[in-house]
Amino acid sequence: MNAWLFVKTEEIPAALKPYRELQKELKLDSNDFTGAVFEGKFFAPEEMNVLETMPSRAELYAKLLGSLQSPAISLITTLQAPARDLVLTLQAYVKKLEEEAGSS
């Protein structure tokens, strides 16, 4: 018996999830894919886990955005450090003066 699964989206894991759930429900562990073709490349049965664990487009965009933001955040933190240190030093000095004025 053969069955074909055509997925018209790049969200392969989401498309395979209902099949995997049905497979567990009907206890069809021996009934599995004999292969897949994705973007012109053939995936053998033992390579199917690559397709099933592939991140979604949204996850890839999030990782890319995080990679792009990281250097900018580091730069901003480095540029803000001297001003932050100055403010903390001034606050400590004001607190010290207030304590000296309160004790006299």
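Biologist: What does the accessible surface of the protein come to, and how much of it belongs to carbon and sulfur atoms?

Modeller: The accessible surface is about 9000 Å². Carbon and sulfur atoms hold 62% of that. Keep in mind that this is a predicted model.

Biologist: Noted. Which elements does the protein have, and how many of each?

Modeller: The protein has three helices and two strands.

Biologist: And in what order do the elements run from the N terminus on?

Modeller: The order is α-β-β-α-α. The radius of gyration is 29 Å, well over the 13 Å that the globule rule gives for 104 residues, so the protein is more spread out than a compact globule.

Biologist: What box do the C-alpha atoms fill?

Modeller: Roughly 95 × 30 × 20 Å, taken along the principal axes.

Biologist: What share of the residues is buried?

Modeller: Buried residues make up 12% of the 104.

Biologist: Now contacts. Take residues at least 6 apart in sequence. What share of their contacts joins residues at least 24 apart?

Modeller: That share is 33%.

Biologist: Switching to charges. How many are positive and how many negative?

Modeller: The protein has 11 positive and 15 negative charges. The mean positions of the two groups are 1 Å apart.

Biologist: How many salt bridges does the count come to?

Modeller: The count comes to one salt bridge. The side chains of Arg 20 and Glu 52 meet there, at 2.5 Å from N to O.

Biologist: Where do Arg 20 and Glu 52 sit in the chain?

Modeller: Arg 20 is in helix H1, which covers residues 12–25. Glu 52 is in helix H2, residues 48–52. The two are 32 residues apart, so the pair links distant parts of the chain.

Biologist: Is Arg 20 buried or exposed?

Modeller: Arg 20 counts as buried because its relative accessibility is 16%, under the 20% cut-off.

Biologist: And how does Glu 52 come out?

Modeller: Glu 52 is partly exposed, at a relative accessible area of 25%. The partly exposed range lies between the 20% and 50% cut-offs.

Biologist: One more residue. What is phi of Glu 39 near?

Modeller: Phi of Glu 39 is near 50°. That is a positive value in a residue other than glycine.

Biologist: Where is Glu 39 found?

Modeller: Glu 39 is in the loop between strand S1 (36–38) and strand S2 (41–43).

Biologist: Is Glu 39 buried or exposed?

Modeller: Glu 39 is exposed, because its relative accessible area is 67% and the cut-off is over 50%.

Notes: Residues are numbered from 1 along each chain as its sequence is written. This is a predicted model: local features need pLDDT of at least 70, side-chain atom pairs count only at pLDDT 80 or more; totals for chains, interfaces and linings use all residues. Side-chain values use heavy atoms; hydrogens and water are left out. Helices (H or I, at least four residues) and strands (E, at least two) are DSSP runs, numbered from the N terminus. The radius of gyration is taken over C-alpha atoms; the globule rule is 2.2 Å times the number of residues to the power 0.38. Buried means under 20% relative accessible area, exposed over 50%, partly exposed in between (1.4 Å probe, protein chains only). Contact means heavy atoms within 4.5 Å. Accessible areas come from the Shrake-Rupley method with a 1.4 Å probe; for residues, only the protein chains shown count as cover. Lys and Arg count as positive and Asp and Glu as negative; His and the chain ends are not counted. The place of a charge is taken as NZ of Lys, CZ of Arg, CG of Asp or CD of Glu. A salt bridge is a side-chain nitrogen of Lys or Arg within 4 Å of a carboxyl oxygen of Asp or Glu.
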